[in-house]
Structures are given as C-alpha cells and as structure tokens.
Amino acid sequence: MRIREENRNIILLVTVMLCCGAVAGTLTLFEPELVPAPEKRVAERAVIDVTRTSIQAPVRVIGAPFEPNVNPRER
C-alpha cells in the first residue's frame with residue numbers, strides 16, 4: 001500500500017502529533033506535579049545561603065551605565 005503524494009504531509013503531521021502526545025501523556029502519568037506547592041517555594045526563598053554569596057567574585061562593569069530612552073525622538 002502506497003501513500004499518495006498529496007497525503008504525505010498530513011500523514012507526517014499526524015505521526016508527529018501522535019508521538020508528541022504519547023511523550024506528553026507518559027510524562028504526565030509519571031510526574032503529575034512538576035512544580036512544588038507555593039507554600040514550599042515561599043519558605044525556601046526566605047532562607048538566604050550566606051556561604052554561597054560569599055564565594056561569588058565581584059563583577060567589573062565596563063562602559064556607561066544603561067539609561068532607558070524614554071523619549072524616542074531625542075537621541
């Protein structure tokens with residue numbers, strides 16, 4: 001059985017859609033909650049890791065500071 005040339009693009013589209021749907025469905029079944037509850041995120045953000053911030057090196061900024069152009073007619 002051969003697929004007509006007029007129908008090849010639609011067959012390819014349907015095949016890709018079914019494969020993507022199968023992957024999305026599988027991920028939904030195995031991992032129903034990808035994001036933790038909002039209460040947990042707020043509590044985790046409140047804690048500041050002091051050791052991590054002290055390891056970071058200072059950054060040198062080169063050039064003029066950024067100023068947004070609030071009047072586009074003036075340059």
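A search for disulfides across the whole of this predicted model returns 0 of them. A disulfide, as a reminder, is a covalent bond that joins the sulfur atoms of two cysteines. Cysteine 19 takes part in no such bond, and the nearest cysteine sulfur to its own, that of cysteine 20, lies 6.9 Å away. Why does cysteine 20 form no bond with cysteine 19? The closest cysteine sulfur to that of cysteine 20 is the one in cysteine 19, and the 6.9 Å between them is too far for a bond, because a disulfide calls for two sulfur atoms within 2.5 Å. As for its surroundings, cysteine 19 has a relative accessibility of 46%, so this residue counts as partly exposed.

Turning to the overall fold, the chain contains 3 helices and 0 strands. Read from the N terminus, the order of its elements is α-α-α. How much of the chain is buried? Of its 75 residues, 0% fall into that class. The accessible surface of the chain amounts to about 8,300 Å², and carbon and sulfur atoms supply 62% of that area.

A look at confidence helps in reading the picture. The chain has a mean pLDDT of 77, with 65% of its residues at 70 or more. Confidence is highest in helix H1 (residues 8–30), where the mean is 93, and lowest in helix H2 (residues 38–46), where the mean is 52. Where pLDDT is low, predicted coordinates should not be read in detail.

Methods:
Residues are numbered from 1 along each chain as its sequence is written. This is a predicted model: local features need pLDDT of at least 70, side-chain atom pairs count only at pLDDT 80 or more; totals for chains, interfaces and linings use all residues. Side-chain values use heavy atoms; hydrogens and water are left out. Buried means under 20% relative accessible area, exposed over 50%, partly exposed in between (1.4 Å probe, protein chains only). Helices (H or I, at least four residues) and strands (E, at least two) are DSSP runs, numbered from the N terminus. Accessible areas come from the Shrake-Rupley method with a 1.4 Å probe; for residues, only the protein chains shown count as cover. pLDDT is the predictor's confidence in each residue, from 0 to 100.
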